[in-house]
Amino acid sequence: MSFVSYEIGGYMELPKVYTDRMRALLKNEYEAYIDSFNTPFYRGLRMNPIKMGNNKAQEFFGEDLEPIMWTPYGYYISAQNEASSSPLYYGGFYYIQEPSAMAPVEVLEVEPGMKVLDLCAAPGGKSTQIGGHLQNHGLLVSNDISTSRAYGLLKNIELAGIKNVIVTSEDASGLVPYFTNYFDRILVDAPCSGEGMFRKNPKMITSWQEKGPVYYQVIQKTIIESAILMLKPGGLLVYSTCTFSSEENEDVLIHALEKNSDLSIVPIEHINRLNTRENKTVIDSSREGNPTDGIGSNIDNNRNDCVNNNIMNSDNNGDNNSDNNSDNNSVKNSVKNSVKNGVVRLYPQNIAGEGHFIAKLRKKAITLVEDQVENQVPNQIDEFPKVSTMPIKDIKWPLGMNSDQIDSCNEFLKALFGDFVPFSRLQMINEKLYDFQLPLSKTKGLRALRTGWLVGDFNRNRFQPSQALGSGLLASDVIRSYELELDDPLLKRYFKGETLQVPLEKGYWLITIKGSGVGFVKSDGKKLKNKYNPSWLMG
């Protein structure tokens, strides 16, 4: 065992097999890597552009915020920062996230109007980041195989005011029949052995000893194979992990590329926006890889051990004089070289963040002929127009709603919105009313926790608005809003679920901060009954 000190004054044991591998991988950078355990890990938060509007982060936190340069909305925070107890946190204005974990989504190049899949999405940091880039225009499918983790994912998505979303809890292969060749962008932030998080969370070392990289490699290969099937021709897929092992990184990519000739590595050119704190150098992955750069096209060009040596040398078995073997070897070597020179590694000794691995792949674009178009999966939809508003009188009420439900819902909508509502297509399933452009029948059979923006549900035919609705609205959307200032004591009382002694006209009101909705209250004319989600309450 090797012992290294870490920031809270204790010691952690790094297994010898691990330190031997890292020494071989990093060579003259190894000691600097070990020394990084002696320094504090970095903390960050990412502002939510859906909630921010034109407000700047400095308006909330002061001018001394230090930006995280690889994302436009990320900032470093100190260990003493009480970001998790701020009303802004409970209002969905930002997400607390490890700084380097913000990099993969920026590499994905998400734009409004795209269809995007986050395949291993819990707890939701990267999904909420994707949602911020989509700006509620397009489609986000956020999936996690664990149902309990998927509910945590759902909370963070709804808290962030993301509406254009399907949240599922499926094995990756279970999504393929619904979304074959469908997504413009796919993020596979794969489950991994977590070597890059040892400094931040020493408990990960025990898990690493119990399972190790090979255990996760099997899972990662299965996940990326399903992801490739769902990637649209011409689309981009980002594969990322928070580990250093080549078995979980380069080897998984080689496996995927050798099985899919229409897939290729895309150099991550714009990662040169990554920088470091204090005296650390600005990083540019377009240069030759060099461990002193902290990030590069891998490590140095003479270091073949960054890819598993067994795979690197496996091509020499058999009859090398065979023309077929020669051709196969040429293809395999080309694949390996593209992986070696096209991926990015983040090391904690060189960047202001923890360890990560990032690769970007593109599926070759094709032109579909008429019979191929006709034979595409029938539940797909290509365009998700940006939602504006529609007159209440033009609402087409879903089949299955009875007259009492329609009257109750209509009464609520008119009182809150006036003559226009910010919806596109109201649909109902299991007594829950959704706004979603994709017909719900097309997702039948999916293990979905949410299919669209949950508007509300019915209790004995009386409509009750959802927390997701309150979190997704702006003051400009409604005619009944009540703004609370950040220094108003009522704001914390609201997030604690307390009744507010404020006289307003009877009915539902949207509570807002800086013009962005955070939830509802219901007035009886003298006081406001709190409708903030009781499971989200501030402690």
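This passage walks through some helices and strands of a predicted model.

Helix α8 makes a handy starting point. This helix covers residues 147-159. With 13 residues at 1.5 Å a residue, α8 should span 18 Å, and its end C-alpha atoms do sit 18 Å apart, so the expected and computed values agree. A good number of its residues are tucked away: Ala150, Leu153, Leu154, Asn156, Ile157, Glu158 and Leu159 are buried. Just past the end of α8 comes glycine 161, with a positive phi of about 80 degrees.

Next up is a pair of helices. Helix α9 (residues 172-179) packs against helix α11 (residues 212-230), with 9 Å between their axes and an angle of about 10 degrees. Angles under 35 degrees count as roughly parallel, and α9 and α11 are therefore roughly parallel to each other. On the α9 side, the contact is made by Ala172, Ser173, Leu175, Val176 and Phe179. On the α11 side, Ile223, Ser226, Leu229 and Met230 take part. Sorted by character, the residues of this contact come out as seven nonpolar and two polar, with no charged ones.

Now for the strands. Strands of a sheet pair through backbone hydrogen bonds, and they can do so parallel or antiparallel. Strand β14 (residues 356-363) has seven of its eight residues buried, so the rest of the structure largely encloses it. Strand β11 (residues 231-241) runs antiparallel to β14, and six bridges join the two. One residue pair to look for here is serine 240 with its bridge partner in β14, isoleucine 358. Strand β12 (residues 263-265) is also antiparallel to β14, joined by three bridges; leucine 263 has lysine 363 of β14 as its bridge partner. Strand β13 (residues 344-346) is joined to β14 by three bridges as well, again in the antiparallel sense. In that pairing, arginine 345 is matched with phenylalanine 357 of β14.

Elsewhere, four strands line up as an open sheet in the order β4-β5-β3-β6, with antiparallel pairing. The edges of this sheet are β4 (66-67) and β6 (94-96), each of which pairs on one side only. Within the sheet, β3 (residues 43-47) and β5 (residues 74-77) are linked antiparallel by four bridges. Among the residues involved, arginine 43 has isoleucine 77 of β5 as its bridge partner.

Conventions. Residues numbered from 1 in each chain as written. Predicted model: local features only at pLDDT ≥ 70, side-chain atom pairs only at ≥ 80, totals over all residues. Heavy atoms only, no water. Axes fitted to C-alpha atoms, helices over the stretch in contact; angles between N-to-C directions. Parallel < 35°, antiparallel > 145°, perpendicular 65-115°, else oblique. Contact = heavy atoms within 4.5 Å. Nonpolar A, V, L, I, M, F, W, Y, C, P; charged D, E, K, R; others polar. Expected span 1.5 Å × (residues − 1). Buried < 20%, exposed > 50% of the residue type's maximum accessible area, 1.4 Å probe, protein only. Pairing = 2+ DSSP bridges.
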